[in-house]
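Colleague: Got a minute to walk me through this one? I'd like to start with how some of the helices pack.
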Amino acid sequence: MAKLDENRLFPVDPSTRTMAADLYASVRDLPIVSPHGHTDPRWYAENAPFPDPAQLFVTPDHYVFRMLFSQGVSLDDLGVLRADGTRVETDGRKIWRLFAENYYLLRGTPSRMWLDHSFQQVFGLDERFGPDTADRFYDHISECLAQPEFRPRALFERFGIEVITTTESPLDDLRWHRMIRDSGWPGRVITAYRPDPVVDPEFEGFAGNVEKFGEIAGTDATTWEGYLQAHRIRRAYFKEFGATSSDHGHATARTENLPLSEAVALFEKALAGTCTPNEADTFRGHMLTEMARMSIDDGLVLQIHPGAARNHSAPMMALHGRDKGFDIPTRTDYVTALKPLLDAVGTDPRLSVILFTLDETAFSRELAPLAGVYPSLRLGPAWWFFDSPEGMRRFRETTTETAGFYNTVGFNDDTRAFCSIPARHDVARRVDSAYLATLVSTGRLAEDEAYEVAQDLSYRLVKKAYKL
Amino acid sequence: MAKLDENRLFPVDPSTRTMAADLYASVRDLPIVSPHGHTDPRWYAENAPFPDPAQLFVTPDHYVFRMLFSQGVSLDDLGVLRADGTRVETDGRKIWRLFAENYYLLRGTPSRMWLDHSFQQVFGLDERFGPDTADRFYDHISECLAQPEFRPRALFERFGIEVITTTESPLDDLRWHRMIRDSGWPGRVITAYRPDPVVDPEFEGFAGNVEKFGEIAGTDATTWEGYLQAHRIRRAYFKEFGATSSDHGHATARTENLPLSEAVALFEKALAGTCTPNEADTFRGHMLTEMARMSIDDGLVLQIHPGAARNHSAPMMALHGRDKGFDIPTRTDYVTALKPLLDAVGTDPRLSVILFTLDETAFSRELAPLAGVYPSLRLGPAWWFFDSPEGMRRFRETTTETAGFYNTVGFNDDTRAFCSIPARHDVARRVDSAYLATLVSTGRLAEDEAYEVAQDLSYRLVKKAYKL
Amino acid sequence: MAKLDENRLFPVDPSTRTMAADLYASVRDLPIVSPHGHTDPRWYAENAPFPDPAQLFVTPDHYVFRMLFSQGVSLDDLGVLRADGTRVETDGRKIWRLFAENYYLLRGTPSRMWLDHSFQQVFGLDERFGPDTADRFYDHISECLAQPEFRPRALFERFGIEVITTTESPLDDLRWHRMIRDSGWPGRVITAYRPDPVVDPEFEGFAGNVEKFGEIAGTDATTWEGYLQAHRIRRAYFKEFGATSSDHGHATARTENLPLSEAVALFEKALAGTCTPNEADTFRGHMLTEMARMSIDDGLVLQIHPGAARNHSAPMMALHGRDKGFDIPTRTDYVTALKPLLDAVGTDPRLSVILFTLDETAFSRELAPLAGVYPSLRLGPAWWFFDSPEGMRRFRETTTETAGFYNTVGFNDDTRAFCSIPARHDVARRVDSAYLATLVSTGRLAEDEAYEVAQDLSYRLVKKAYKL
């Protein structure tokens, strides 16, 4: 694979492949709409050069370093941050060579495709990456990063990003977003409302967070009504910085719709730090329904990202902290879990809830049937471990027949890895083109309809679903 | 897709496609055996014309109207019945146009295939359906429906239906079945015994139902022995109207084999209306084993259809009642659940139990291993949300290697949508032909065996499994 | 299928098929490494002829006789052993004819492929097996079995087996392994440490087993420290007979890491026979962590084979005993279950744990994410009901993108059916070649890399993972 295969991810049958390639050609150059991700707004605000290749491609990418760790490479040797904020190995070139020696471990993974795509399309490197070429890649990428056309805003423009969303806590002052706005740069970088620190009684410093939350909002958030009002105020503030959505990463999809007195009592327990684990979960579940009610009023789209057992390894959490590859999916129930919210507000056409899953078995069994009837529900794309060719194929095969295309919302990249954004959207457009071509070849969709749906999946549905 | 693609659902590889087409040609014109469904026996009894196109294709088909509802179309505007028996919109043409405007939502779904097939094969309409052609379709179908050759009996014959089964409660007097029999029409329409109203303590009016049940049967069904005897009597009566099977749609696959005293005590609690939810479930589970015992005596095949959380939306249930698209599959356990019944009677070769699922994960993990060893167990086909090309393909791929072909029972259409019956059987025959052709192409089955298995899957297995 | 198709299991697209065939050709003749199975060491020790064809192919193979039983053939008529050690039918030819009459039931199953492969490749029979050829096959195989070149050691050599592992209890004296070693025969047959009888408080005769265990080891195994010491001693003894692994077939993947006092207390309850079911399960779970600690010291690889509900049918267990086809997979959780062991020792690079599953849903959701980050974890191949073309394909499709190839361990045949060993490895090599060819055709892997990975999957990874 010295060069990327132009027909990658298309069906192998020649005539179906041709049709897929034609469909893909019709969407390849559409702008990128990235409604959910974790790029750092500071990049676009300061527009400083990215540091060395290792810090661009290795140390922040848990897809990459967890795979090397799984084969015995130490995170310290890869320069991955420790929980105390230090790094053991800081020599970028040394890290890069270690990465190159172990690059073969990524064979068959999407990370390999994203990296090869980034090397070739972003940096013009079309040789095979590996131990023999490691230094050449390192030098070339380093040189590029020093050029103005590789600064964040230039790449943003070159990638064809129409709009990108970052994720911030209500306690965030959105200073980088303000700085972007004030800069006059026309790139559209917007925020999303992620209230975990003030919604989850088990979050570090919950009571203090709520107090600070009230201060920022100008209400007394330690009373239930003031607390809800603080949410309304901060949501409105986030909307000033473009927000069109909120995001919620609870461990489960549990929702509740408690009577007022119970909600207030739980809130007081949460502030007092006396919630049992189940009470904390009940409170989080109730807050999803409160958020849904606010969504009906202010129009923010509600995203639910459940199902990860976070920080699975206690010793690794102690040593290296969060987001180090130890978030493991678990079985997730949606049918029972979502019923309280859906009974309360689920048939209100003003509400829009986007559901994600890390449990693929839910697609055909629960999520497609739910999204195929509730007007408030839409299905987020194949996510995280399933942001991959096979994951995307299975997503279409297990959702389309019951929920159709129009209860799905296009593609989310959900990434911190800036250079992988075009690669990820490219994979999605290729896999969807392959799927559509297969439907046409097997008489399940007319060719002209396939072209229309390809536009929908690549561009129109995401703008509509996220109100962008 | 102005016209149906003659090669639809066949593999795309040319030589495998040719083999699939040849296999399909060998089964395409076999009679339809429809052993489980929900067509109305009154149609065949009275042989009255079907009403307008909207009432034929839209208002009774929850596959169709739930998809439109999921995108914000109101059920009232589609003329869907309210729980109080009224309809808000009654103008068939208006409903039809709304349906046509939203027809694109069905892209990629089996409903789209069934509808296109019905339009073309039943009504000779081979243009694309949509807003531009809505009126023409409406007028043409309306004219057809006024003709004698579009009355139920004529369509039954034209569809090549050898036998069709409807589903009735033990409280039903089978008047339509009697009328069919008395009419001298040779079409074979038989009933199936579905005792939910007198077996489920949580069914509306359970105690009254049991009392009425006894009256009809001529026993005192409020005593345990009289109750069992009433079942035996009604099963015998159903057999007079052709019944070869009973059907049970419990929420789970739970079975029990209680000591007599416990069964009697639960029955009395059920009549008194004092069962806890768990006791009600225990009783239902025990009754499956009682039904299995009766099956050994009278030969009725026992069908278990578990796994739907029925009427998921409380407000929609209140407004529109049952069967409006709000039945959502849930995880279903079979291994533990079926053990009591199987320990009691599962190795008796006179017993025949057909298992269905809405949880596809059970196919390879539980159902194929169970059916691959217990002589009483057979696997029903891909059901409901999985009555689809991908669902059927996954069914074969996840069951054949462990349970083989001969522990499966051919195809069930399970539908209320009369015109879709030939389309659904056609899809099944195509998908099975594609699967068999793929086995031959990959050296897993000899070509002559594939032709034999194709006959089995399309015609012979269903007749044998349902004793038809 | 008079003869095996040379291109069986390859993709149907011609150019991808050619690539798969070339990849397969590069690994077809590699030695067989069989690190986990259930062949009888006595065969290799005594090197006696195998008995008649029925006893070779039918009565010991639960894949075969359960399928016939599922269609009403009695186990007695197939000569399957009863729990009391007797056989009802002992006429091999009669059993063989019954098998032949029902051979069609195996269409589409891996057993059919293995049997056809064995008939053709081992016995040179390339006609179709069935009622017409039953006697000819019987006579021919009988004649072969009387020849020296069909004795176990000769077949072992002809099959190209480099090393094969059997499984023994710590209570086993390894006499057959000693006899093999003393014979001077160079075939490498090694043992594996399977301590269920002395680790599972619910095993028949647990307390007596532990006592005997101590006697054999020369320690007092009725004290906690003596018990652990006995394990260390017997593991060392097993290593003398080549053991490189231990094996654990618990019903679940539960692990525990108890404080010493709790472990001791549970052990004493276990010896006293007073454990509740949950306490027995806790003890088994704790012993996995103890075994892992010993593995760090002595290097034995730890295999976990969870997820079967054993002996599902109580009446069949009473009549025919264990291993008669009534082991049914159940849902298996790994994320919570493995956490105690993983928190204790999971990031120690000296530890190697190989995980198996009978619940395919765990592959993409739990097992690939776990193996893709923990350095101690590797994924065993598709197992038992999934030791099949579709099972293997799904294994690769659901694990590679997250765990890569290098967290998997090649193929295990796990069989008692000696003649099926080459057939099973052949299927695995074909399916992996097909998968790799598809990755190349779709631009996901370079061709030269595919050849390298093919070697890894067929030969190198298994040797490395099992330290062979």
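Colleague: At what angle do helix 13 and helix 14 of chain A pack?
Modeller: This is a predicted model, so keep that in mind throughout. In it, helix 13 (residues 260-272) of chain A packs on helix 14 (residues 277-298) of chain A at about 125°, and the axes are 10 Å apart.
Colleague: And what do you call that kind of arrangement for helix 13 and helix 14 of chain A?
Modeller: Oblique. Angles from 65 to 115 degrees would count as roughly perpendicular and those over 145 as roughly antiparallel, so an angle of about 125° falls under neither heading.
Colleague: Is the crossing of helix 13 of chain A past helix 14 of chain A left-handed or right-handed?
Modeller: Left-handed.
Colleague: Which residues make the contact?
Modeller: From helix 13 of chain A you have A:Ala263, A:Leu266, A:Phe267, A:Lys269 and A:Ala270. Helix 14 of chain A brings A:Glu279, A:Ala280, A:Thr282, A:Phe283 and A:His286. Sorted by class, this contact has 6 nonpolar, 2 polar and 2 charged residues.
Colleague: OK, over to chain B. How do helix 1 and helix 19 of chain B cross?
Modeller: At roughly 130°, with the axes of helix 1 (residues 14-27) and helix 19 of chain B coming within 8 Å. That angle makes helix 1 of chain B oblique to helix 19 of chain B. The crossing of these two helices is right-handed.
Colleague: Who's touching whom there?
Modeller: On helix 1 of chain B the contact residues are B:Ser15, B:Thr16, B:Met19, B:Ala20, B:Leu23, B:Tyr24 and B:Val27. Helix 19 of chain B has a list too, including B:Arg429, B:Arg430, B:Leu436 and B:Val440. By class, the contact between helix 1 and helix 19 of chain B splits into 9 nonpolar, 5 polar and 2 charged residues.
Colleague: Changing topic: where is B:Phe418 found?
Modeller: In a loop of chain B, between helix 18 (389-403) and helix 19 (421-441).
Colleague: Does that loop residue count as buried or exposed?
Modeller: B:Phe418 counts as buried, because it has 23 C-beta neighbours inside 10 Å. The cut-off for buried is 20 or more.
Colleague: What does B:Phe418 touch?
Modeller: Leaving out residues up to four places away in sequence, B:Phe418 touches B:Thr39 and B:Leu155. There's also B:Phe57: it is 361 residues from B:Phe418 in sequence, yet their C-alpha atoms are 9.2 Å apart in space.
Colleague: Any odd backbone angles I should look at?
Modeller: Here's some background for that: most residues other than glycine have a negative phi. B:Asp323 isn't a glycine, but its phi is positive, about 60°. B:Asp323 sits in the loop between helix 15 (314-320) and strand 7 (328-329) of chain B.
Colleague: And how does B:Asp323 count for burial?
Modeller: As partly exposed, because it has 14 C-beta neighbours inside 10 Å.
Colleague: What about phi of C:Leu174?
Modeller: C:Leu174 has a positive phi too, near 60°. Look for C:Leu174 in the loop between strand 2 (161-165) and helix 9 (175-183) of chain C. With 21 C-beta neighbours inside 10 Å, C:Leu174 counts as buried.
Colleague: Now the chains together. How many residues of chain C are in contact with chain A?
Modeller: 38 residues of chain C, meeting 41 residues of chain A. Helix 17 of chain C gives the most to that side, with 7 residues. The chain C residues on that side are 16 nonpolar, 13 polar and 9 charged.
Colleague: And the side of chain C that touches chain B?
Modeller: There, 41 residues of chain C are in contact with 38 residues of chain B. Helix 4 of chain C gives the largest share of that side, 4 residues. The chain C residues on the side touching chain B divide into 20 nonpolar, 13 polar and 8 charged.
Colleague: What turn lays chain C on chain A?
Modeller: A turn of 120°, with a shift of 0.0 Å along the axis and an RMSD of 0.0 Å. The two copies are thus related as by a three-fold rotation axis. In chain C, C:Asp13 has the C-alpha nearest the axis, 3.5 Å from it.
Colleague: What surfaces do those two copies use?
Modeller: Different ones: 5% of the contact residues of chain C recur in chain A.

Conventions. Residues numbered from 1 in each chain as written. Chains lettered and ligands numbered in written order. Predicted model: local features only at pLDDT ≥ 70, side-chain atom pairs only at ≥ 80, totals over all residues. Contact = placed C-beta atoms within 7 Å. Nonpolar A, V, L, I, M, F, W, Y, C, P; charged D, E, K, R; others polar. Least-squares fit on C-alpha atoms with pLDDT ≥ 70 in both. Axes fitted to C-alpha atoms, helices over the stretch in contact; angles between N-to-C directions. Parallel < 35°, antiparallel > 145°, perpendicular 65-115°, else oblique. Left-handed = near helix turned anticlockwise from the far one by under 90°. Buried ≥ 20, exposed ≤ 12 C-beta atoms within 10 Å, placed from the backbone.
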